[in-house]
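Welcome! Here are some short exercises for getting to know a new structure, each followed by a worked solution. Have a look at it before you begin.

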Amino acid sequence: MLQWIAKLIGSSDEKKINELLPIVEKINSLEPELKKLSDEELRGKTAEFRKLLAEGKTLDEILPEAFAAVREASVRTIGLRHFDVQLLGGIVLHQGKIAEMRTGEGKTLVATLPVYLNALSGKGVHVVTVNDYLAKRDSDWMGPIHRALGLEVGVIQHSMEPPERRLAYAADITYGTNNEFGFDYLRDNMAISLDDCVQRPLHYAIVDEVDSILIDEARTPLIISGMLEEAATNYQKANDIARRLAKATDFIVDEKTRNVSLTEHGIKKVEKTLGVEYLYDIGNIGIAHQITQSLVAWNIFEKDVDYVVKEGEVIIVDEFTGRLMQGRRYSEGLHQAIEAKEGVEVQNESQTLATITFQNYFRLYDKIAGMTGTAKTEEGEFWKIYKLEVLLVPTHRKMVRLDYPDLIFKNKRARFRAVVNEIIEWHKKGRPVLVGTISIDNSELVSEMLRRRGISHHVLNAKQHEREAEIIAKAGQRGMVTISTNMAGRGTDIVLGEGVADLGGLHVIGTERHESRRIDNQLRGRSGRQGDAGSTRFYVSLEDDLMRLFGSQRISGVMERLGLEEDVPIEHNLISRALENAQKKVEQYHFGIRKQVLEFDDVMNKQRGSIYSLRRRILEGKDLKQKIYEMMEQVVGETVDAFLVDKIAPEEWDWDGLFKAISELIAIEGLDRLKEEKSRNEVKRKVLALFEQAYQEKENEFGEEMTRSLERVVMLKTIDAAWIEQLHNMDVLREGIGLRGYGGKDPLVEYKIEGYSMFQEMMRGVRAQIISLMLRVQKAEGPIEEVNRPRRRALTYGAPEKMEKPATVRAAEKVGRNDPCPCGSGKKYKRCCMKS
């Protein structure tokens, strides 16, 4: 067996695989010994391994026996024994690499090996899947193995509340989706108390379908938003104007980049409609943006393809999995534009509160690894962005699936008629057929055509996702016809019914080529799993978006010259090459977008890391008073330097400006005596001493416990308000930074320079505001309201809790109407606590 594996692997991976084979032999040699153990003795191995680690052994040293223990536990609990190639895959994952394993090779079972080994450290392991269904399925399926060895297993689901999430993250092993892990990280970094945090430090993650999560879905950053108070009527108005504009005359649609831009004629038409002189004047920029987004909604985004309307709500459809993305909204007003287009209630526009890309989130882990059937073609990107090496793991059995050549038709009508005819042909022979479509629209079209022909079938798309498990369980039975969007493409096992293999196995039909070759390969992989019989065929139309936008224009001419009827398919190397080149163009285009997202987000990542680490120290209550004193020293130093300029003689220093700036921070008498000083450092020392004295008096007045609590709340709220504003400012900067290229400057370099400057300015403002608020508060009699904690799911504030013997912390009367509110909300006093 081991010699066969070594021969099968290509030369590029042969050496690396050969290095792992002795470890596999060691694991196999331990199997008889572990079989003799009782269930309790096998369970006791975990405590034994942890003791060895505490004594200084490494995970690599205990790997063979740990893997052997997992294999034995698997046999006893779920009846599955890891093959040698699965042991190889487990070793690759433990080493922090990507294991490329063919579809059907049991990647879910493979993951149990490194998951158990790395969970022994007690720091937690995350198993990342593409959707809630797979996370729940895998945790239920593989959980018994880990529990038999004494480990706790948790699972994160979208509907869970914080206490349930905290419990799941506290387990040794946690299953969940990339979205849930990412959003929980962001929400933890918006918390105002450690009790509101759910995650532990990020230690080790195994990402299932790693190419889908770290490449396909990485184009869109994770964003948590809050609602802005803006009238929905603006979007209705923009929608009405957009509908009166003519394509090509008033606006141009670029389907490749999915953008719409107004022509000069269109701009003048809109200006006349709005009664404005210049559409892009600073006062009209809002409505101009909303009109553009309305045009995008009407001309780029399609109902039942990009989104669905369900119970009066617009819900995004994931383009890679076909699943509904509940709770996710398009940003920058696009979601509101689509709501206006569809005639449902237009929600308020959102403001970014926290954001991170998948690239930067997963780089926060100490170690990550991944599994997929399609990674080799992207290994350059995996290495460049994540420093992940891709290693090909051989199959357990030889692949016998038959992949028929693509059939190309002149138009979509002919293509779908041919698809239905082939479905009926195989159905009559008793073979199960899985039909893959790239949109809900197409799945329903094929369903209707089959219904008219009297063919019983099941449809699996975002509208019927609740029946997913039931439909997939039956898809391999004799004579079954299943129509599915990409939902069935990843992580789903279609088991062949009795006698089906003798008929030729499952036949997979792709009704259209996806823009990503990996998605097509995943659909193919539903058939021929683990050496089963099976076959696949893809149908292509020259009217498909992929061919129309990125395919060669010569192909249509060739077909026209041949004079073929529309129902006659052709097969030609020219078209096959054009199809492959079209997919490569799209993949290169998307890689460019991901690369740009990463380069720009790296700027934000440094800022985010600084803010989040500061928040964490504050949440943990580490040296809060010391942190206040450090800020105080910086504020005093910056204030003095601003007015007592080093290059100017002391007699010409701006003492009045300095005293005014200090008085805005704190009311102190006797500042005039500072004029006698000739040294800036001495002025700083004396002013700092006055600040520290005033602060100590405040602490004596409130008591140490209340002062620490006040420090935490004021610092967190001030930082959060400033960070939200910084996110907005950086978005605005990024939108316009591309214009610097026309001036011969590198937009990315300019973005880095200005972004750094804006961050430094933000931090100066944060420090000054925190010190000002802490020195201005007064103690007053009356009922107290505890600071409200945000409800994590809704990102709103709950009802205040009462305290028995109160003393309220309120702002001193010196706070002006336009000053920042002392509560730390970030709003002006007149728009916040002044109202009450």
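**Exercise 1: Phe 382 and its core**

Find the residues in contact with Phe 382 (heavy atoms within 4.5 Å), leaving aside neighbours within four places in sequence.

Step 1. The contacts of Phe 382 are Ile 98, Val 210, Asp 211, Leu 214, Ile 215, Ala 375, Lys 387, Leu 388 and Val 390.

Step 2. A word on the model: it is predicted, local features need pLDDT of at least 70, side-chain atom pairs count only at pLDDT 80 or more, and totals for chains, interfaces and linings use all residues. Residues are numbered from 1 along each chain as its sequence is written, and side-chain values use heavy atoms, with hydrogens and water left out.

Step 3. Phe 382 is among the residues with the most contacts inside the largest nonpolar core, which has 98 residues. Such a core is a set of buried Ala, Val, Leu, Ile, Met, Phe, Trp, Tyr and Cys residues joined through side-chain atoms within 4.5 Å.

Step 4. Domain 1 (11-222 + 359-392) and domain 4 (604-776) both contribute residues, so this core lies between them. The domain bounds come from an automatic or database assignment.

**Exercise 2: Glu 105**

Is Glu 105 buried or exposed?

Step 1. Buried means under 20% relative accessible area, exposed over 50%, and partly exposed in between (1.4 Å probe, protein chains only).

Step 2. The relative accessible area of Glu 105 is 6%, so Glu 105 is buried.

**Exercise 3: Asp 493**

Which residues does Asp 493 contact, beyond four places in sequence?

Step 1. They are Arg 137, Trp 141, Ile 472 and Arg 529.

Step 2. Asp 493 is partly exposed, at 35%.
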